[in-house]
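Q: Could you walk me through how to read salt bridges, domain contacts and chain interfaces in a model like the one shown below?

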Amino acid sequence: MWCAYVLFGTVFGWLLSRSGAADYDFVQGMFLFTELQLYGIIGVGVAVALPGIWWIKRRGTGLGGVPVTVTPKARHRGNVVGGALFGVGWSLTGMCPGPILVNVGEGKLYAIAAFAGVLVGASLFGVTYERWRKLLGLPDVAAKD
Amino acid sequence: MLILHDLEPYHWAVAGAGIGVLTLVLLFVLRRRLGISTGFENLCSLVVKAPYFRRPSLAASHGWRLPLLGGLALGGALSAVLGGGWAPIWDLGMFDAFIGMGPAGKVAWMFAGGVLIGFGTRMAGGCTSGHGIFGMANLERSGLMATLSFMGAGVITTNVIYRLLVGV
């Protein structure tokens with residue numbers, strides 16, 4: 001089954017690579033409003049996924065009649081606080097999480113540093129989780145998926 | 001044009017539709033909710049033994065999130081190989097033109113940004129894919145709040161750097 005996810009990741013990674021989503025200049029252009037390519041991509045992506053997700057949820061099953069459940073992400077103050085920290089990082093590096101790996105694959109050497117930073121940052125959050133949980137109303141670890 | 005081999009990028013409508021369709025294929029065929037940044041926790045959990053990384057649901061998702069991360073890198077590599085050949089790249093477009101740091105400076109800059117991305121996405125519970133694409137397409141309040149927040153912070157940061165500090 002893991003090969004299916006490698007294949008999925010490869011196609012997704014190709015699209016990110018060739019669309020500008022994994023390109024420093026396109027990301028800065030988006031934030032400067034001088035290049036609207038990535039707004040178009042996110043907008044169309046959401047517009048295409050929206051009716052499909054609605055339909056799959058209404059059916060309640062995926063391919064071959066296997067049950068599919070969609071769990072909405074928890075709402076808490078971390079959405080905004082963490083989102084803002086991520087936004088600063090996205091601007092600095094010109095990469096969001098998927099494109100970091102895509103850029104590493106493309107051979108962009110500085111992306112390896114961003115990838116190392118991401119793992120350090122995520123680890124840092126993991127070991128300090130209890131500190132943020134109450135403060136930001138984050139879900140209990142056991143309830144997280 | 002892309003930094004990668006000066007390639008012409010796909011039309012935004014084509015790329016957006018592709019990402020939308022991929023999101024639906026993942027849900028309909030593989031029964032997974034699109035999301036990349038949780039995969040970083042899967043990687044961290046292999047080394048860091050904090051209780052946060054020992055939750056059973058995380059280990060249970062190794063089998064699909066880790067191959068997906070590998071696939072993303074493979075997709076990038078394939079794109080380089082077929083787009084003009086794979087070679088190590090230090091080029092960074094606007095950054096080189098207006099900020100202009102050498103390799104060591106870029107590494108430090110990227111590492112710092114990466115820490116914010118890793119920490120921030122985990123605190124937010126998702127990134128551009130899980131909150132921005134899937135969350136918003138599923139009309140989730142958490143997705144909308146996170147997306148507004150990271151887009152806003154990105155707009156402010158880039159404008160401070162390029163319009164205020166270096167003056168594009």
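Q: Which residue forms a salt bridge with E41(B), and how far apart are the closest N and O atoms?

A: The general idea is to look for a side-chain nitrogen of Lys or Arg within 4 Å of a carboxyl oxygen of Asp or Glu. In this model, which is predicted rather than determined by experiment, E41(B) forms a salt bridge with R122(B), and the closest N and O atoms of the pair are 2.6 Å apart.

Q: How many salt bridges are there between domain 1 of chain B and domain 2 of chain B, and where do the domain bounds fall?

A: Begin with the bounds and then count what crosses between them. The assignment divides chain B into domain 1, residues 1-87, and domain 2, residues 90-168, with the C-alpha centres of these two domains 17 Å apart. Between domain 1 of chain B and domain 2 of chain B the count is 2 salt bridges, and 6 residue pairs are in polar contact, both residues of each pair being at pLDDT 80 or more. On the side of domain 1 of chain B that touches domain 2 of chain B, the elements giving two or more residues are α1 and α2 of chain B, and α1(B) has the largest share, with 3 residues. By class, that side of domain 1 of chain B consists of 6 nonpolar, 4 polar and 2 charged residues.

Q: What area do domain 1 of chain B and domain 2 of chain B bury between them, and which three residues supply 47% of the area on the side of domain 1 of chain B?

A: A residue count and an area describe a contact in separate ways, and it helps to read both. Here 12 residues of domain 1 of chain B are in contact with 13 residues of domain 2 of chain B, and the two domains bury about 1000 Å² between them, with 62% of it on carbon and sulfur atoms. Of the area that domain 1 of chain B buries against domain 2 of chain B, I3(B), R33(B) and S37(B) supply 47%, which is more than any other three residues.

Q: R33(B) was named there; with which residue does its side chain meet in a salt bridge?

A: For any such pair, one can ask about the distance, the sequence separation and the burial in turn. The side chain of R33(B) meets that of E140(B) in a salt bridge, at 2.8 Å from N to O. This pair links distant parts of the chain, with E140(B) in the loop between α7 and α8 of chain B and R33(B) in the loop between α1 and α2 of chain B, 107 residues apart. Both E140(B) and R33(B) are buried.

Q: How should I read a salt bridge within one helix, such as that of R133(A) and E130(A)?

A: An α-helix has 3.6 residues a turn, so residues three or four places apart point the same way. R133(A) and E130(A) both lie in helix α7 of chain A, residues 129-136, and are 3 residues apart, about one turn of the helix. Their side chains meet in a salt bridge at 3.1 Å from N to O, and R133(A) is partly exposed, its relative accessible area being 26%. E130(A), R133(A) and D140(A) are linked in a network of salt bridges.

Q: Are E106(A) and K108(A) buried or exposed?

A: Burial is assigned to each residue of a pair separately. E106(A) is buried, and K108(A) is buried too, while their side chains meet in a salt bridge at 2.7 Å from N to O. Over all chains, the count by this rule comes to 7 salt bridges.

Q: Why is α7(B) described as largely enclosed by the rest of the structure?

A: One counts the buried residues of the element and then asks what covers them. Of the 10 residues of α7(B), 9 are buried, so this helix is largely enclosed by the rest of the structure. Among the buried residues are H131(B), I133(B) and F134(B), and the cover over the buried residues includes α3 and α4 of chain A as well as α1, α6 and α8 of chain B. Just after α7(B), L139(B) takes a positive phi of about 55°.

Q: How many residues of chain B are in contact with chain A, and what is the count of salt bridges between these chains?

A: The chain interface can be read in the manner used for the domains. In this case 116 residues of chain B are in contact with 110 residues of chain A, and the area buried between the chains is about 10200 Å², of which carbon and sulfur atoms give 77%. The count between chain B and chain A is 0 salt bridges, whereas 31 residue pairs are in polar contact across the interface, both residues at pLDDT 80 or more. α6(B) gives the most to the side of chain B that touches chain A, with 17 residues, and by class that side has 73 nonpolar, 33 polar and 10 charged residues.

Note on methods: Residues numbered from 1 in each chain as written. Chains lettered and ligands numbered in written order. Predicted model: local features only at pLDDT ≥ 70, side-chain atom pairs only at ≥ 80, totals over all residues. Heavy atoms only, no water. Contact = heavy atoms within 4.5 Å. Buried area = accessible area lost by both parts, 1.4 Å probe. Polar contact = N/O pair within 3.5 Å; in protein donor to acceptor, adjacent residues only side chain to side chain. Helix = DSSP H or I, 4+ residues; strand = E, 2+ residues; numbered from the N terminus. Nonpolar A, V, L, I, M, F, W, Y, C, P; charged D, E, K, R; others polar. Domains from an automatic or database assignment. Buried < 20%, exposed > 50% of the residue type's maximum accessible area, 1.4 Å probe, protein only.
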